[in-house]
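Welcome! Take a moment to look over the structure below, and then let us walk through it together.

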Amino acid sequence: MLDLHFWPTPNGKKVTILLEELGLDYNLVPCNIGRGDQFKPEFLKINPNHRMPVLVDHNPKGGGAPISIFESGAIMMYLAAEAQGQDINEFKYFKRWFDEVGNRPAIKRGMETGNNLRVNPATLTEAKRAQMRKIMYNQRAIPAPA
Ligand SMILES: N[C@@H](CCC(=O)N[C@@H](CS)C(=O)NCC(=O)O)C(=O)O
C-alpha cells in the first residue's frame, strides 16, 4: 500500500495526477501545512525537511521495510520506474521528445554548468565523506511555532 502525505498544493497535485494516471491505489494522508502538521515528530521521521508531499511505500519492490520518498520529482520518478517498472524505451514518442529536448544546446549547457564544481566522493577520505554527510543529511527542522 502507498500512503501519500498530501495537501492540495501544486507540488501535491503533481503526485496525485501521476497516481491517477497510473491507476494506482493509494491512501491519502492529509498533512495540513497551514496547521503545522509537517512539523510533527511522526512526519519529520518520513521527511526531515518538513515538506509534503511524501510517499510511503509499505511494500517496496524486492521486499524489506517500508520506505519513504520525498521531493515531488523523486516521488514521480519512483512511481514511474519502481512501482510500474516502466522503461522510457517502451514509449517511442515520449522518448523522441525527451531526446530532442535533451539535445537542445541550451539544455546541454544548463546541464553541464557546475559539473566542474562536483567532487567525486571516491577521491575523498572516509573522514571527509563522513563530515560531508553530517553537513548535508543530518539537519533537523526547526520546531513548529507554539
Ligand atoms: N521541492 C519540494 C517542495 C515541497 C514544498 O515546498 N512543499 C510545501 C507545500 S507546496 C510545504 O510542504 N511547505 C511546508 C513548509 O515548508 O513548512 C517538492 O517538490 O516536493
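A useful term to begin with: two residues are in contact if their C-beta atoms, placed from the backbone, lie within 7 Å. Keep in mind, too, that this is a predicted model. Which residues does Ile75 touch in this sense, leaving aside its neighbours within four places in sequence? They are Val15, Pro53, Leu55 and Ile69.

Ile75 also leads us to the largest nonpolar core, which has 16 residues. Ile75 is among the members that touch the most others, along with Leu4, Val15, Leu19, Leu55 and Tyr78. At least two residues of this core come from each of E1, H1, E3 and helix H3 (72–83). In soluble globular proteins, nonpolar side chains tend to be buried together.

Now find strand E1, which spans residues 2–6. Because 4 of its 5 residues are buried, E1 is largely enclosed by the rest of the structure. E1 runs antiparallel to strand E3 (residues 54–57), with 4 bridges joining the two, and here Asp3 sits opposite Val56. E1 also pairs with strand E2 (residues 27–30), this time in parallel and again through 4 bridges; His5 has Val29 of E2 as its bridge partner. Add helix H1 (residues 10–22), and E1, H1 and E2 form a right-handed β-α-β unit.

Finally, turn to the ligand. Its surroundings include Thr9, Asn11, Ile33 and Gln38, then His50, Arg51, Met52 and Pro53, and also Glu71, Ser72 and Gly73. Sorted by class, this shell holds 6 polar, 3 nonpolar and 2 charged residues. Pro53, met earlier as a contact of Ile75, is one of the residues around the ligand.

Conventions
Residues are numbered from 1 along each chain as its sequence is written. This is a predicted model: local features need pLDDT of at least 70, side-chain atom pairs count only at pLDDT 80 or more; totals for chains, interfaces and linings use all residues. A residue is buried if 20 or more other C-beta atoms lie within 10 Å of its own, exposed if 12 or fewer, and partly exposed in between; C-beta atoms are placed from the backbone. Two strands pair if DSSP finds at least two bridges between them. A crossover is right-handed if, with the strands pointing away from the viewer, the path from the first strand over the helix to the second runs clockwise. A residue is near a molecule or strand if its C-beta atom, placed from the backbone, lies within 6 Å of it. Ala, Val, Leu, Ile, Met, Phe, Trp, Tyr, Cys and Pro count as nonpolar, Asp, Glu, Lys and Arg as charged, and the others, Gly among them, as polar. A nonpolar core is a set of buried Ala, Val, Leu, Ile, Met, Phe, Trp, Tyr and Cys residues joined through C-beta atoms within 7 Å.
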